[in-house]
Structures are given as structure tokens and as C-alpha cells.
Amino acid sequence: MGRLLVFAAALAMFGLPLGGGGAAAQSTYPSHTVRFILPYGAASATDIAARMFAEGLSKLWGKPVVVDNRPGGDALVSLSAFAQAKDDHVLWFGPAGAFTALPYMHDTLPFDPSPNMKPVVSVSVVVLTVSMPASMKIDTVGQLLALARSEPGKLNAAAAPGISDFLLFGFFKKQGLQVAEVPYRDIMQAPNDLMAGRIQVLSSSLVVPQALANAGSLKLLVVTSKQRAPSQPNVPTAIEAGYPDLTFESIGGVFGPPGMPEDLRNRIAGDFRKVAAANPEIAKKLATTGQILSLRGPAEFADAIKEQRVTLAGLAKTLGLKAATH
């Protein structure tokens, strides 16, 4: 499993105090434009979610809420921009896995973002899935495992970097299977190769293979979330299929900088709930992009991230990966 070397330029460190704080700052929040910094580009699932909430919050708060896309560097570009802002009106919007998986994706890191990411509100569970070509007539994970055992080393698999990668190949290793990994710079190219049979297994977010699955060219074996995806109600969860080791909640949402008071974070979380309640189309739109609306306040969100860290640490141990130094 390839581990990328992080780019050498040192990024700004987290941890400097906010420009303002206390009860007075909270009572007037937001006092000016709020900015969501995203680790992905326009039209990504995260971008779609961020823009829907930005529109609703702008109306609720009476202040502009803008989306600032900063893709690249395995999320380090966006995390650096967030760190340098040092402002509670600048929030990071993305999946927790973008920074919890970082230590296992690099040999070195210029900083550790995790202690400085203050959970504000979770927004969605990004559904992950395992898919295969429909032409192979494999309908279950059990059938996939039987095929891999009968033809050791002959199956080629691909996975989106990070969580999907660790989850699939950690699962194969626990099963004692030999499956070759095919790397992709752009995982969106993988579904066509899967359909053509150049690879036989794909682990990624649901949105990646969903169109070809809907067309009947690909078969979705399971989703890794704890509940079924609204857009694919016939696809079982890994738990339902009898493979809890393939379960992973890829939860994403909004994070604030160090020192952001919990009262303010709870208030913002409440405002996200108000926006979602006022616009049921948000949940429907998220479903079409392979997400499940999941609004949790700071404490619940923090607990979900802790659970994710434990799962990632176990996968890293299985795969023989060590956390990066920084």
C-alpha cells in the first residue's frame, strides 16, 4: 500500500488565540461574513452540502456565508488555510476522515491538525460502498471472498485514498486473501475500468459508482454505513450482510478553531438544525449524492470522531502502518 510523502513546505501551525471571544462575541455572532473552507472542489458532495447550508444560514443570520474551495494536498491545503485564519468566522467544512486518516497516509506531516479541530456540528454520513462489475454475477461479499480464495492473486482492486483504501485492504488482509491493489490518481476513473473488467473490486464513496450501478453495469455489494443509503435502499449494510469489519461511519461536518466556546458551537449546531428543518430538500439532495443527513452537536460529533479514530488505528495495525511524525 503506497504511502505518500507530504509536500515539504511547512504549513502554518494551529493554536493561536481567536480575535474575539466571550459572551459578548457569542451574542453578536456572526458579526460579519462567515467562510466555510472545504478540502474539495466545486460540485463535490461536500461542496453541494456546504452550499445548501450556506444559503440557509445566510438568510437566518442576516450575514453572508461563503464557500471557499481549497482542494489539494490530501486536505492539507484547506487545513493550512483554516489554521492561518485564526478567526471563529472561518470554519472548516468536510469529512473528519480527511484529517483523522492523514497520519497513516504520509511518512511525515508539517503539523498535526487533529487536536485543533473543534467539532461544531456533524452534517452527514458519506456512504462508502464496495462494488463489482455486474457481468461477474457476484451478488454478495461472501461470493466475492469465495472467488478471491479460489483465485489467489488474480483479482485487482482499487480504492479511494484514505479510509476506503484502509477499510477494503484491511478487510482482505484479515481474511487472509491476496488481492492486488491498483492505484488511481483520480478515483472517478475507476468505475469505467470496473465496468470494463480491468479491475474487479472498487471501494469508494457511493457517489463514485452510483450512476453506473443505477444503469445496471455495476453491482453494489454493501454499504459500510450503519444504516442503508436512502438512494440505494436495496443494498444491505455490511452488518446486515454479516461482515461488521466492513463497517465505517464516514461522518463529516463543521469544525471551528481552538478556543471556540462550546456555547457558541452548540448555538451554531442548533442553527444548522433550523435550516435543515425549514428545507426538507436538503436531506433529499444529500441522498442523491450518497450522503445521509446526520445533524449532531459538538459532544455527539466528538464521540463519533473518537470512534472513527479507534477504527482507523485498528486498520492501521492490521496493515502494518505507523502514524506519521510531524
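**Helix α7 and a look at Asp 193**

Hi everyone, let's start with a backbone detail: just after helix α7, Gly 176 takes a positive phi of about 70°. Keep in mind that this is a predicted model.

Now to α7 itself, which runs over residues 163–174. Does its length fit the helix geometry, or not? Well, at 1.5 Å a residue its twelve residues should span 16 Å, and the end C-alpha atoms are 16 Å apart, so the two agree.

How covered is α7? Mostly: ten of its twelve residues are buried. Among them are four phenylalanines you can pick out on screen, Phe 166, Phe 169, Phe 171 and Phe 172, along with Leu 167 and Leu 168.

Next, the partner. α7 packs with helix α12, residues 298–319, at an angle of about 50°, and their axes are 9 Å apart. An angle of 50° lies between the 35 degrees limit for roughly parallel and the 65 degrees where roughly perpendicular begins, so the pair counts as oblique. The crossing is left-handed. On the α7 side, the contact includes Ile 163, Phe 166, Gly 170 and Lys 174; α12 contributes residues including Gln 308, Leu 312, Leu 315 and Leu 319.

Last stop, Asp 193, which sits in helix α8, residues 190–196. Is Asp 193 buried or exposed? Its relative accessible area is 16%, and the cut-off is under 20%, so Asp 193 is buried. Its side chain makes a polar contact with the side chain of Arg 198, at 2.8 Å. Leaving aside residues up to four places away in sequence, Asp 193 touches Tyr 184, Arg 198 and Ile 199.

Thanks, everyone!

Note on methods: Residues are numbered from 1 along each chain as its sequence is written. This is a predicted model: local features need pLDDT of at least 70, side-chain atom pairs count only at pLDDT 80 or more; totals for chains, interfaces and linings use all residues. Side-chain values use heavy atoms; hydrogens and water are left out. Helices (H or I, at least four residues) and strands (E, at least two) are DSSP runs, numbered from the N terminus. Buried means under 20% relative accessible area, exposed over 50%, partly exposed in between (1.4 Å probe, protein chains only). A polar contact is a pair of N or O atoms within 3.5 Å; within protein, one must be able to donate a hydrogen and the other to accept it, and residues adjacent in sequence count only if both atoms are side-chain atoms. Contact means heavy atoms within 4.5 Å. The expected span of a helix is 1.5 Å times one less than its number of residues. Axes are lines fitted to C-alpha atoms, for helices over the stretch in contact, and angles run from 0 to 180 degrees between N-to-C directions. Angles under 35 degrees count as roughly parallel, over 145 as roughly antiparallel, 65 to 115 as roughly perpendicular and the rest as oblique. A crossing is left-handed if the near helix is turned anticlockwise from the far one by less than a right angle, and right-handed if clockwise.
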